[in-house]
Amino acid sequence: KADHGLLVAWGGITRPAQREFEQHRTSIRVWDAEVLLDQLFATYEQLAASIHTQIPLLHVWVLDDEG
């Protein structure tokens, strides 16, 4: 009986499943691997230390050859 849900599908979802979500305008958000990682990187600094222990990330700077 939640107001919203989150489905994390690392490999994405099938076209029929995507249509089902769109047609019924469900309150379930679907994240694939790219969205999950984008959200993780965007909020990592605000996450609890216990999460940092479980998912230890290191910020690395890289030169942009295209710039």
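This section describes the overall fold, two individual residues and the largest pocket of a predicted model.

The chain contains three helices and two strands. Read from the N terminus, these elements follow the order β-α-β-α-α. The radius of gyration is 16 Å, well over the 11 Å that the globule rule gives for 67 residues, so the chain is more spread out than a compact globule. Along the principal axes, the C-alpha atoms occupy a box of roughly 45 × 35 × 15 Å.

Burial and contacts were also computed for the chain as a whole. Of the 67 residues, 7% are buried. The exposed area of the chain comes to about 6300 Å², and carbon and sulfur atoms account for 55% of that area. Where contacts join residues at least 6 apart in sequence, 21% of them link residues at least 24 apart.

Gly5 is part of strand β1, which covers residues 5-8. The relative accessible area of Gly5 is 29%; this value lies between the 20% below which a residue is buried and the 50% above which a residue is exposed, and Gly5 is therefore classed as partly exposed. When neighbours within four places in sequence are left aside, Gly5 is in contact with Ser27, Ile28 and Arg29. Gly5 can also be placed relative to Val30: the two residues are separated by 25 residues in sequence, while their C-alpha atoms are 8.6 Å apart in space.

Glu34 belongs to helix α2, which spans residues 33-43. Glu34 has a relative accessibility of 56%, and because exposed residues are those over 50%, Glu34 counts as exposed. In sequence, Glu34 and Gly11 are 23 residues apart. In space, the C-alpha atoms of Glu34 and Gly11 are 9.4 Å apart.

The largest pocket encloses about 160 Å³ of space. Its lining consists of Phe41, Ala42, Tyr44, Glu45, Leu57, Leu58 and His59. By class, five of these lining residues are nonpolar, one is polar and one is charged. Glu is among the residue types that count as charged, so Glu45 is the charged member of the lining. Phe, Ala, Tyr and Leu count as nonpolar, and His falls among the others, so His59 is the polar member.

How values were computed
Residues are numbered from 1 along each chain as its sequence is written. This is a predicted model: local features need pLDDT of at least 70, side-chain atom pairs count only at pLDDT 80 or more; totals for chains, interfaces and linings use all residues. Side-chain values use heavy atoms; hydrogens and water are left out. On a 1 Å grid over the protein atoms alone, a cavity is a set of points where a 1.4 Å probe fits but cannot get out, and a pocket is an open set with protein on both sides within 12 Å along at least five of seven lines; lining residues have an atom within 4 Å of a point. Grid points are joined across faces, edges and corners, and a volume is the space filled by probe spheres set on the points. Helices (H or I, at least four residues) and strands (E, at least two) are DSSP runs, numbered from the N terminus. Buried means under 20% relative accessible area, exposed over 50%, partly exposed in between (1.4 Å probe, protein chains only). Contact means heavy atoms within 4.5 Å. The radius of gyration is taken over C-alpha atoms; the globule rule is 2.2 Å times the number of residues to the power 0.38. Accessible areas come from the Shrake-Rupley method with a 1.4 Å probe; for residues, only the protein chains shown count as cover.
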